[in-house]
Amino acid sequence: MEAPSLFSLRLADVALEDGRLRAPLAGLFLDLRDVPLIDALAPIRRLLPRNGSIIVGAGLDQVLVKAREARERYKSLSEDQCACIVLYTAEEPGEREQSVYYALNAALRSANRAQMRPWRDFTWLLLRGLQGLPPRPVPRVLRGVARSFDAMGGNYAPGALVQWSGFSSTAEGALNVIKGFVGDTGDRTIFQARHIHAFRPSPVYHAM
């Protein structure tokens, strides 16, 4: 649902992960039910740049058009679930900080877990949509960043347990695929991850 040039930014944003463990968010999602998209978006509008222009008016209309197109392919998803996935992948070139995914992942990475409360209903719809997508069983996935391993911080070390708190975009294929996103010059780190527990919608990964 997104162009490769935009996907590459999400793929490389592991640099924003410090690897530290966060308190669980499971209690935030107890007894939730799907709510209409407009209700899920209302609490987060004030948290987005430009007064949330991407989720109102013409911005939202464009998202809904894309969502309806996606639902033609993924009929098991509701239109609202498709819209959440489209919103998560939406980004204008050069405006990463204006996007829904950037703000949502910032809340997920915050040590103050209360910052996730306004995102609860939207995240629930997004997770439900992701859960409804067809599974893609692959032996490993890749994620890269244009920084050296040492520059990632003290929580990254051989054998260490690290946690990526935000939604993690990854790529399939050989190492040369990920090099197209992080380049082949200068400092860069490529993570290879394999599934050790495929409980959807949030699989656990073990870094190799």
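# Close-up views of a predicted model

The mean pLDDT of the protein is 79, and 80% of its residues reach 70 or more. The model is predicted, and the legends below describe it view by view.

**View 1. The whole chain, with its 8 helices and 3 strands.** From the N terminus on, the order of elements is α-α-α-α-α-α-α-β-α-β-β. The protein has 208 residues, of which 38% count as buried. About 11,500 Å² of the protein is exposed, and carbon and sulfur atoms supply 54% of that area. Among contacts between residues at least 6 apart in sequence, 73% join residues at least 24 apart.

**View 2. Confidence along the chain.** Helix 2 (residues 37-41) has the highest confidence, at a mean of 95. Confidence is lowest in strand 3 (residues 204-207), where the mean is 38. Residues 1-12 have pLDDT below 50, and this stretch makes 35 contacts in the model beyond near neighbours in sequence. The pLDDT is also below 50 over residues 197-208, a stretch with 24 contacts beyond near neighbours in sequence.

**View 3. The largest nonpolar core, with 38 residues.** Which residues touch the most other members of this core? They are Leu 41, Leu 104, Met 116, Trp 119, Phe 122 and Leu 126. At least two residues of the core come from each of helix 2, helix 4, helix 5, helix 6 and helix 7. Helix 5 gives the most, with 7 residues. Apart from this core lies another, of 5 residues, including Val 145, Met 152, Tyr 156 and Phe 191.

**View 4. Leu 104 and the residues around it.** Not counting residues up to four places away in sequence, Leu 104 touches Tyr 88, Met 116, Trp 119, Phe 122, Thr 123, Leu 126 and Phe 167. Leu 104 is itself one of the residues that touch the most other members of the largest nonpolar core. Met 116, Trp 119, Phe 122 and Leu 126 are also listed among those residues.

**View 5. Helix 7 (residues 120-132) and its cover.** Helix 7 has 13 residues, which at 1.5 Å a residue should span 18 Å. The C-alpha atoms at its ends are 18 Å apart, in agreement with that value. Which residues of helix 7 are buried? They are Asp 121, Phe 122, Thr 123, Leu 125, Leu 126, Leu 127 and Gly 129. The elements that cover these buried residues include helix 2, helix 5 (79-89) and helix 6 (100-109).

**View 6. Thr 123 in helix 7.** Is Thr 123 buried or exposed? Thr 123 counts as buried because its relative accessibility is 3%, under the 20% limit. Leaving aside neighbours within four places in sequence, Thr 123 is in contact with Phe 29, Leu 104, Met 116 and Phe 167. Leu 104, the subject of View 4, touches Met 116 and Phe 167 as well.

**View 7. Cys 82 and Cys 84.** How many disulfides are there in this model? The count comes to 0. A disulfide is a covalent bond between the sulfur atoms of two cysteines. The cut-off used for the pair of sulfur atoms is 2.5 Å. The closest cysteine sulfur to that of Cys 82 belongs to Cys 84 and is 9.5 Å away, so the two are too far apart for a bond. Cys 84 is likewise in no disulfide, and its nearest cysteine sulfur is that of Cys 82. Cys 82 counts as buried, at 0% relative accessibility. Cys 84 is buried too, with a relative accessibility of 0%.

**View 8. Glu 69 and Cys 82.** Glu 69 lies in helix 4 (residues 57-73). At 47% relative accessibility, Glu 69 counts as partly exposed, whereas Cys 82 is buried. The two residues, Glu 69 and Cys 82, are 13 residues apart in sequence, and their C-alpha atoms are 9.1 Å apart in space.

**View 9. Ile 54, in the loop between helix 3 (49-52) and helix 4.** Ile 54 is partly exposed, with a relative accessible area of 22%. Which residues does Ile 54 touch, not counting residues up to four places away in sequence? They are Leu 48, Gly 59, Leu 60, Val 63, Leu 87, Ala 90 and Val 100. Ala 90 is 36 residues from Ile 54 in sequence, yet the C-alpha atoms of the two are 8.7 Å apart in space.

Note on methods: Residues numbered from 1 in each chain as written. Predicted model: local features only at pLDDT ≥ 70, side-chain atom pairs only at ≥ 80, totals over all residues. Heavy atoms only, no water. Buried < 20%, exposed > 50% of the residue type's maximum accessible area, 1.4 Å probe, protein only. pLDDT = per-residue confidence, 0-100. Helix = DSSP H or I, 4+ residues; strand = E, 2+ residues; numbered from the N terminus. Contact = heavy atoms within 4.5 Å. Expected span 1.5 Å × (residues − 1). Core = buried A, V, L, I, M, F, W, Y, C linked by side-chain atoms within 4.5 Å. Areas by Shrake-Rupley, 256 points an atom, 1.4 Å probe, with all protein chains shown as cover.
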